[in-house]
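Let's take a walk through a protein and DNA model together. Keep the picture open beside you as you read.

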Protein chains: 2
Amino acid sequence: MTSPARKPSRIQTENRQRIRDAALGLFATHGFRGTTLDQIADACGMHKPNLIYYYDSKEAIHIDLLNTLMEEWLSPLDAMDAEGDPLEEIIGYIRRKMEMSRLYPRESRLFANEIVQGAPRMLPHLESTLKPLFDKQCGIIAKWMNDGKIAEMHPAHLIFSIWAVTQHYADFEAQIAVLLPGDDKRARGADQFVEMMFRKVLTP
Amino acid sequence: MTSPARKPSRIQTENRQRIRDAALGLFATHGFRGTTLDQIADACGMHKPNLIYYYDSKEAIHIDLLNTLMEEWLSPLDAMDAEGDPLEEIIGYIRRKMEMSRLYPRESRLFANEIVQGAPRMLPHLESTLKPLFDKQCGIIAKWMNDGKIAEMHPAHLIFSIWAVTQHYADFEAQIAVLLPGDDKRARGADQFVEMMFRKVLTP
DNA sequence: CAAGTTTTTTACCATTTGGTAAAGTTACGA
DNA sequence: TCGTAACTTTACCAAATGGTAAAAAACTTG
């Protein structure tokens, strides 16, 4: 649509990746407006105009990150299989979400920033991509409940609570680090707690 | 320390309040860097230099908001009474947190923004004010568990999960509005769900 | 290896933004 | 009601910031 869309060169692929990696960390911690092009350039050892050579604007970097994020973010939810064992499917989903919180806290915070601020760049994407998947998976959960495999409750709120609890460990890490100053073993304690909690909630 | 600390005039009290109110909404949605003094001035019908007359700097407004917030934010946790009925004390705390999410979403988002960004202006406050209270209330909960009044689990993670779930409804409202497009009745559904969930978790 | 293409760098610009100076206006106590 | 202190407004400013122009350098390919 924009340019003739030639396949990107090796250097292009590499440098776009470097830019995204640097921008991800900065946008996640300082927000969009709180991050400057100079900071991004610094963080990836490039010069400001070089960024603009690879991305049309600061906003283009942000949008690219959000788009990439969206797919990775949804895949665990999508992986919840209607044919599997209900309790283990949901617990498996929770485990994957906890793992993502631990492995990709920057992505979690980038997403949190975007949503807290009213999802200015993501709303359409939420409507078109997240909503259908969400509705479908809510349907699966509702059926499991109907069949008496797991306890009866509002499926949407169940998913919200899973998101809330799992992402909390990434998004509010600064607070948790103050309150639970032990080393990173707190991660394991969290995993155990969260799994126990939802097992109890879901058992009929 | 700064000025002779005379008692503030009526106009001063009023206008400081107007400024805080306007700034709260803007900081909550756009973050600190994403909010300009001109926006704040606009939002409260004042001129930019007038803001600086009442607050030394943009940062001073932000800090004042965070300090005020901290106290209001902690009072429900503080209200959890060791002498009361354990289950009802915790459920009462959860109800109050849900209510705050509904009544004060701006405060919740301001706090979320600050923590997601690593709590740059709040870390000392968290250490000195939140931490002691948190430890004390964790102790109370642990005792309740020891006495067999509620189910045994990690008290700190229990509190984290309460914070996560209740604040989620304020902080991620944009997402929830897309996924549960019903009117505000979703608030009631949320209240019911959350109370049911934690009752189940806490029952021995 | 020469010509052309892609990538990087230097110098620069317009706008935005936090904040100041100082004149003008209003409120308020004696 | 008059003088002074509190408050508001207008006109600015310096630094930061997103982005551009164009030359220089590096890479590719016939």
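This report looks at the DNA surface and then at the two domains of chain A.

**Around DNA strand D**

Please remember that this is a predicted model. In it, 20 residues surround DNA strand D, and those that come nearest are A:Leu37, A:Lys58, B:Ser9, B:Gln12 and B:Tyr54. Which parts of the strand face the protein? Of the atoms of DNA strand D that come within 4 Å of the protein, sugar and phosphate account for 67%.

Some side chains place a polar atom beside an atom of the strand. The table lists three such pairs.

| Residue | Partner atom on DNA strand D | Distance |
|---|---|---|
| A:Lys48 | base nitrogen | 2.9 Å |
| B:Gln12 | phosphate oxygen | 2.5 Å |
| B:Asn15 | phosphate oxygen | 3.2 Å |

So that you can find this surface in the picture, look for the elements that give two or more residues to it: helix H3 (48-54) of chain A, and, in chain B, helix H1 (10-30) and helix H3 (48-54). Which element gives the most to the surface near DNA strand D? That is H3(B), with 4 residues. Sorted by class, the surface near DNA strand D holds 7 nonpolar, 8 polar and 5 charged residues.

**Two domains in chain A**

Now turn to chain A by itself. Its domain assignment gives domain 1 (10-56) and domain 2 (66-202). Taken over C-alpha atoms, the centres of these two domains of chain A are 28 Å apart.

How many residues of each domain are in contact with the other? In chain A, 7 residues of domain 1 touch 6 residues of domain 2. The size of an interface is often given as the accessible area lost when the parts come together. For domain 1 and domain 2 of chain A, the buried area is about 640 Å², with 60% of it on carbon and sulfur atoms. Three residues stand out on the domain 1 side: A:Leu24, A:Ala28 and A:Phe32 supply 63% of the area that domain 1 of chain A buries against domain 2, more than any other three residues.

There is also a charged link to look for. The count between the two domains of chain A is 1 salt bridge. The side chains of A:Asp21 and A:Arg106 form a salt bridge, with 3.1 Å from N to O. Across the interface of domain 1 and domain 2 of chain A, 2 residue pairs are in polar contact. By class, the side of domain 1 of chain A that touches domain 2 has 4 nonpolar, 2 polar and 1 charged residues.

Key
Residues numbered from 1 in each chain as written. Chains lettered and ligands numbered in written order. Predicted model: local features only at pLDDT ≥ 70, side-chain atom pairs only at ≥ 80, totals over all residues. Heavy atoms only, no water. Near = heavy atom within 4 Å. Polar contact = N/O pair within 3.5 Å; in protein donor to acceptor, adjacent residues only side chain to side chain. Nonpolar A, V, L, I, M, F, W, Y, C, P; charged D, E, K, R; others polar. Domains from an automatic or database assignment. Contact = heavy atoms within 4.5 Å. Buried area = accessible area lost by both parts, 1.4 Å probe. Salt bridge = Lys/Arg side-chain N within 4 Å of Asp/Glu carboxyl O.
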